[in-house]
Each structure stands twice: as structure tokens, then as C-alpha cells.
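Let's take a walk through this model together, from its overall build down to a few individual residues. Keep the viewer open as you read.

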Amino acid sequence: MSFRLGDSLKSDPWLWLTGVVSAGLLALMNLRDAALFASLTHGRTIPDSDISSTRESLLAMRDYLGTKPEAAELLRAIHLQADLVLPAVLTIFLFLLIRRLVPGAVVYGRPAESLLPFMLVFPFLYGFADYSENVTSLMLFPPAAPTPALAAFLADALSWATRLKFLAVTIAGVIVARLLIARLQP
């Protein structure tokens, strides 16, 4: 497989654009926003990044953010700015990347094209889970004021949406790696 950057930029401009925008948004959120959130909350992690969160830990974070309006506003701003765009852009990038790598790849002794519909489920599952996580977070954390029963439900939903998001993006990443390996083999 020969690869020329110039040819790839011309033939796949949307792939490159969505990849660069995704990387920029991830860097912004994980370097700037996460550090600022941690400084405002004495080292706590943004709930969207905590795969081990539980109902109890999220409800405790909700109560804590009630006493830290700057941190609550930052979390809300993240969801209404960078994290409003990231799931769509990253979903499109993963979709385009998988579609780009499938032609000519052989996976488990058969052409990858036959597995394409299955492979494409994971980028969309990631996007759905990330947006579900964002909406749930906006409904759970201040300034939102859900009833105790709704808050408990939202905390459970948020913890599962976070896990599903990480699972789907990890599987999509493994698919990309597997396709790259398949395409690099003679």
C-alpha cells in the first residue's frame, strides 16, 4: 500500500478536516477544560471522563457543584460549546476513516466489505451515547434542579451513557487498527 499525503488530502478532504477538528476539540477539552474543572473542584474529574462513576458519585458531584457555581457553569459551557460539536465531528471522522480503510482489506479471511455494516454501527453508537451523556449531564447538574427521583434516574443513565460512549469509541478504534493492519499486510 503506497500512501501519499498530498493525494490523500485531495481525495479525502472531509476525512482530514473532521480528523483535525476532532483532535483539536479533544485537546481543548482534555487539556484546557479538564484542568480548569479540576482546579475549580479541588482535583475532581469531569463526569464525562469518569468511566467508574456511579449513581452515588454523580449525585455527590451534583451536590458539590451546587456549592461551586463556577465549576458548574464550566461544565455546562463544555456541553454547550466544544462537546456540542465533538460527538458529531468524531462520529463522521470514524465513519469516513472506516469506509476509507475497508476497500481491499481482508479481515479474518474474508473481505472487509462484507463486515462494513457491522463496523459502521460503532461510530454511530459512540455519537448517540455521547449526545445522550451530554443531555443527561445538562439535566442533572446545576443549574438544573431535578427532583430526587429524577436525579437518581439521570445519575444512573449518565453513568451508563459514559460507559457506552467509551466502549463504542474503543471498539471503533480497534476496528480502525485492525483495518490498518490488514491493509499493511502484503
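## A word on exposure

In what follows, a residue is called buried when its relative accessible area is under 20%, exposed when that area is over 50%, and partly exposed in between. Tyr108 makes a good test case: its relative accessibility is 68%, so Tyr108 counts as exposed. Please bear in mind throughout that this is a predicted model.

## Overall build

The chain contains eight helices and two strands. Following the sequence, their order is α-α-α-α-α-β-β-α-α-α. Along the principal axes, the C-alpha atoms fill a box of roughly 60 × 30 × 20 Å.

Of the 186 residues in the chain, 41% are buried. Among contacts with a separation of 6 or more, 75% join residues that are 24 or more positions apart.

## Surface and charge

What does the outside offer? The chain exposes about 10,100 Å², and carbon and sulfur atoms supply 71% of that area. As for charge, there are 15 positive and 14 negative side chains, and the centres of these two sets lie 8 Å apart.

## The cavity

How many cavities of 30 Å³ or more does the structure hold? There is one. The space in the largest cavity comes to about 40 Å³. Its lining consists of Ala72, Leu75, Arg76, His79, Ser137, Leu138, Phe141, Pro142 and Pro143. Two elements, α4 (69-80) and α7 (121-140), each give two or more residues to this lining. Helix α4 gives the most, with four residues.

Two of the lining residues, Pro142 and Pro143, deserve a second look. The peptide bond that runs from Pro142 to Pro143 is cis, with omega near 15°. Pro143 itself sits in the loop between α7 and α8.

## The second largest pocket

The second largest pocket holds about 290 Å³ of space. It is lined by 17 residues, and the closest to its centre are Leu26, Met29, Asn30, Leu86 and Lys165.

Which helices supply at least two residues each to the lining of this pocket? They are α2, α5 (82-101), α7 and α8. Helix α2 gives the most to the lining, with four residues.

## Loops on either side of α3

Let's turn to the loop between α2 (13-40) and α3 (55-66), where Ser53 lies. Is Ser53 buried or exposed? With a relative accessibility of 2%, Ser53 counts as buried, because buried means under 20%. Leaving aside neighbours within four places in sequence, Ser53 is in contact with Leu58, Ser159 and Arg163.

His42 is also found in the loop between α2 and α3. Its relative accessibility is 63%, so His42 counts as exposed. The backbone here is worth checking in your viewer: phi of His42 is near 60°, a positive value in a residue other than glycine. Lys68, placed in the loop between α3 and α4, touches both Leu40 and His42, not counting residues up to four places away in sequence. Lys68 and Leu40 are 28 residues apart along the chain, with their C-alpha atoms separated by 7.7 Å. At 22% relative accessibility, Lys68 counts as partly exposed, because that label covers values between 20% and 50%.

## The turn between the strands

Tyr108 lies in the loop between β1 (106-107) and β2 (110-111). Although Tyr108 is not a glycine, it has a positive phi of about 55°.

## Two leucines of α8

Helix α8 covers residues 148-184 and includes Leu150. Leu150 has a relative accessible area of 36%, so it is partly exposed. How far is Leu150 from Met139? Their C-alpha atoms are separated by 9.3 Å, and the two residues are 11 apart along the chain.

Leu180 is in helix α8 as well. Its relative accessible area is 37%, which means that Leu180 is partly exposed. Leu180 and Asp130 are 50 residues apart in sequence and 25 Å apart in space, C-alpha to C-alpha.

Methods:
Residues are numbered from 1 along each chain as its sequence is written. This is a predicted model: local features need pLDDT of at least 70, side-chain atom pairs count only at pLDDT 80 or more; totals for chains, interfaces and linings use all residues. Side-chain values use heavy atoms; hydrogens and water are left out. Buried means under 20% relative accessible area, exposed over 50%, partly exposed in between (1.4 Å probe, protein chains only). Contact means heavy atoms within 4.5 Å. Accessible areas come from the Shrake-Rupley method with a 1.4 Å probe; for residues, only the protein chains shown count as cover. Lys and Arg count as positive and Asp and Glu as negative; His and the chain ends are not counted. The place of a charge is taken as NZ of Lys, CZ of Arg, CG of Asp or CD of Glu. On a 1 Å grid over the protein atoms alone, a cavity is a set of points where a 1.4 Å probe fits but cannot get out, and a pocket is an open set with protein on both sides within 12 Å along at least five of seven lines; lining residues have an atom within 4 Å of a point. Grid points are joined across faces, edges and corners, and a volume is the space filled by probe spheres set on the points.
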